[in-house]
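Open your viewer and switch to a cartoon view. This tour goes stop by stop, telling you what to select and what you will find there.

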Amino acid sequence: MVARVTTSQRSPADEAKLFIDEYAIPSLQKIDGFRGAFFLADREQGTGISITLWEDAAAAEASDHASTARRGLAARMTGAIFESVDTYEVIAQADPLLAPA
C-alpha cells in the first residue's frame with residue numbers, strides 16, 4: 001500500500017470539510033486502487049494534512065492527474081495553499097476498528 005501525504009495552509013476547516021465531503025471523497029471513490037483517506041485540520045493554525053491510501057505505487061501514480069486537478073479546485077474554492085505532496089510506502093498499520101476488545 002502507498003500513502004500520498006499533502007500539506008496545506010490557509011484553508012478554513014469548515015470550508016475544507018465541505019469541499020472534502022461534497023467533492024473530494026466522491027471523486028476519490030471512483031478511482032481504481034483507492035483504499036481510503038484521512039483528512040486532518042488544525043483549526044487554530046489554519047493548516048491541513050490529507051493522507052490518501054492507494055493499493056500500490058501504480059495506482060497512486062495513475063491517480064496523479066486527478067489529484068492535481070482536485071488540489072487546483074480546492075485552492076480555488078477554499079483558498080488553500082498546498083505546500084507539499086509526498087508519497088510513502090505504508091510499511092505497517094494498525095486498524096483500531098479491528099483491534100480485539
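Which elements do the buried residues of α3 pack against? Keep in mind that this is a predicted model. The buried residues of α3 pack against β1, α1 and β4 (81-89).

**Stop 1: helix α3**

Select α3, residues 64-78. Check its length first. At 1.5 Å a residue, the 15 residues of α3 should span 21 Å, and the end C-alpha atoms of α3 are 21 Å apart, so the two agree.

Now show side chains. Ser67, Arg70, Arg71, Ala74 and Thr78 are the buried residues to pick in α3. They cover an arc of only 100° around the axis, so they sit on the same side of α3. Turn the helix over. The face away from the buried side carries His65 and Arg76, both exposed.

Then step off the end of the helix. Gly79 follows α3, and its phi is positive, near 85°.

**Stop 2: the largest pocket**

Next, select Ser8, Ile20, Phe39, Ser50 and Phe82. Among the 30 residues that line the largest pocket, these five lie nearest its centre. The pocket has a volume of about 520 Å³. Colour the elements that give two or more residues to its lining: β1 (2-9), α1 (13-29), β2 (34-42), β3 (47-54) and α3 (64-78). Which element gives the most to this lining? It is α1, with seven residues.

Colour the lining by class. You should find 13 nonpolar, 11 polar and six charged residues.

**Stop 3: the second largest pocket**

Select Met1, Ala3, Arg35, Phe38, Leu53, Val90, Gln93, Ala94, Asp95 and Pro96. These residues line the second largest pocket. About 220 Å³ of space lies in it. By class, its lining has seven nonpolar residues, one polar and two charged.

**Stop 4: Leu40**

Finish on strand β2 and select Leu40, which lies in it. Is Leu40 buried, exposed or partly exposed? Its relative accessibility is 44%, so Leu40 counts as partly exposed; the partly exposed class runs between 20% and 50%.

Show what Leu40 touches. Leaving out residues up to four places away in sequence, Leu40 contacts Thr47, Gly48, Ile49 and Ile51. Last, draw a distance from Leu40 to Ala13. The two are 27 residues apart in sequence, and their C-alpha atoms are 8.9 Å apart in space.

Methods:
Residues are numbered from 1 along each chain as its sequence is written. This is a predicted model: local features need pLDDT of at least 70, side-chain atom pairs count only at pLDDT 80 or more; totals for chains, interfaces and linings use all residues. Side-chain values use heavy atoms; hydrogens and water are left out. On a 1 Å grid over the protein atoms alone, a cavity is a set of points where a 1.4 Å probe fits but cannot get out, and a pocket is an open set with protein on both sides within 12 Å along at least five of seven lines; lining residues have an atom within 4 Å of a point. Grid points are joined across faces, edges and corners, and a volume is the space filled by probe spheres set on the points. Helices (H or I, at least four residues) and strands (E, at least two) are DSSP runs, numbered from the N terminus. Ala, Val, Leu, Ile, Met, Phe, Trp, Tyr, Cys and Pro count as nonpolar, Asp, Glu, Lys and Arg as charged, and the others, Gly among them, as polar. The expected span of a helix is 1.5 Å times one less than its number of residues. Buried means under 20% relative accessible area, exposed over 50%, partly exposed in between (1.4 Å probe, protein chains only). The arc is that of the directions from the helix axis to the C-beta atoms. Contact means heavy atoms within 4.5 Å.
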